[in-house]
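This note is intended for a colleague meeting the structure for the first time. Please read the points below with the model open.

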Amino acid sequence: MTSLIYPLPACALGRTFKRLVFDARALDTLYSERQLKPSQPESGGQLLGTFSDDAVQIVTVTIPSRDDVRSRFGFARLQATEQAEIDEAFSAGLHYLGDWHSHPEYKPSPSSIDVITAKKLFRTSKSELRNFLMVIVGTSENASDLYVALVNGRRVRRLTQI
Ligand SMILES: [Zn+2]
């Protein structure tokens with residue numbers, strides 16, 4: 001898989017950032033966690049990235065640890081694990097940009113609970129970003145079916161590729 005590029009609305013993540021780029025390696029991880037078989041549990045984790053002059057680049061996506069509780073339609077992460085991962089990433093020069101998870105549907109879209117959870121996460125975070133990213137990977141292998149959105153405490157805005 002090659003990298004994916006999404007144009008960013010003005011000031012969506014920071015004043016100078018015009019593009020959101022998914023590195024090929026991060027996409028490989030996302031796509032390897034798709035729920036292709038009925039027995040596969042929902043997966044999810046964090047989106048970690050770097051900032052350059054005009055782009056935000058997602059370079060790493062974390063996947064569930066053994067402590068995480070997984071099921072086909074639900075996914076609960078242990079908060080201690082989450083914070084430890086954010087701290088570890090930050091010391092490695094990576095910024096937390098939001099969360100991703102899988103859905104067992106071809107063209108995924110967020111559930112009402114996904115939206116409520118994502119807005120609440122943004123409101124209770126201490127991040128300096130103006131939005132977080134919400135990413136949902138379905139079973140489709142087409143990059144255009146990947147759900148990528150900006151979310152803040154008030155609204156969700158889906159991003160589309162160039
Ligand atoms: Zn969901």
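1. Four donors count as tetrahedral if all angles lie between 85 and 135 degrees, and as square planar if opposite donors are over 155 degrees apart and all others between 65 and 115; anything else is irregular. The model discussed here is predicted. Its zinc ion has 4 donor atoms with angles of 54 to 157° among them, and the site is therefore irregular.

2. Which residues coordinate the zinc ion? The donors are NE2 of His101, NE2 of His103 and two OD atoms of Asp114, at 2.0 to 2.7 Å. Along the chain, these donors follow the spacing H-x1-H-x10-D. His101 in strand 7 (residues 95–102) and Asp114 in helix 3 (residues 112–124) are 13 residues apart, and the pair links distant parts of the chain.

3. Are His101 and Asp114 buried or exposed? His101 counts as buried because its relative accessibility is 12%, and buried means under 20%. Asp114 is buried too, with a relative accessible area of 14%.

4. The strand and the helix that hold these zinc donors also contribute to the aromatic contacts. The whole structure contains 4 aromatic pairs. In one of them, Tyr96 and Phe132 meet edge-to-face, with 5.3 Å centre to centre and 85° between the planes. Tyr96 belongs to strand 7 and Phe132 to strand 8 (residues 132–137), 36 residues apart.

5. Phe132 also forms an edge-to-face pair with Phe122, at 5.3 Å centre to centre and 80° between the planes. This pair joins helix 3, which holds Phe122, to strand 8, which holds Phe132, across 10 residues. Ring pairs thus link Tyr96, Phe122 and Phe132 into a cluster. Tyr96 and Phe132 are both buried; the relative accessible area of Phe132 is 3%, and Phe122 counts as buried at 17% relative accessibility.

6. In what order do the strands of the open sheet lie? The 8 strands follow the order 1-2-4-3-7-8-9-10, with mixed pairing. Strand 1 (4–7) and strand 10 (156–158) are the edge strands, each pairing on one side only. From one strand to the next, the twist averages 30°.

7. At one edge, strand 1 pairs with strand 2 (residues 19–22) in the antiparallel sense over 4 bridges, and Tyr6 stands opposite Leu20 in strand 2.

8. Two helices complete this description. Helix 1 (residues 24–32) packs on the sheet and touches strands 1, 2, 4, 7 and 8, its direction making about 45° with that of strand 4 (55–61). Helix 3 lies across strands 7, 8, 9 and 10, running at about 150° to strand 8.

Terms used: Residues numbered from 1 in each chain as written. Predicted model: local features only at pLDDT ≥ 70, side-chain atom pairs only at ≥ 80, totals over all residues. Heavy atoms only, no water. Donors = N, O, S within 2.8 Å, 3.2 Å for Na, K, Ca; no water. Tetrahedral: all angles 85-135°; square planar, octahedral: opposite > 155°, others 65-115°. Buried < 20%, exposed > 50% of the residue type's maximum accessible area, 1.4 Å probe, protein only. Phe/Tyr/Trp six-rings, centres within 6.5 Å; stacked < 30°, edge-to-face > 60°. Pairing = 2+ DSSP bridges. Axes fitted to C-alpha atoms, helices over the stretch in contact; angles between N-to-C directions. Contact = heavy atoms within 4.5 Å.
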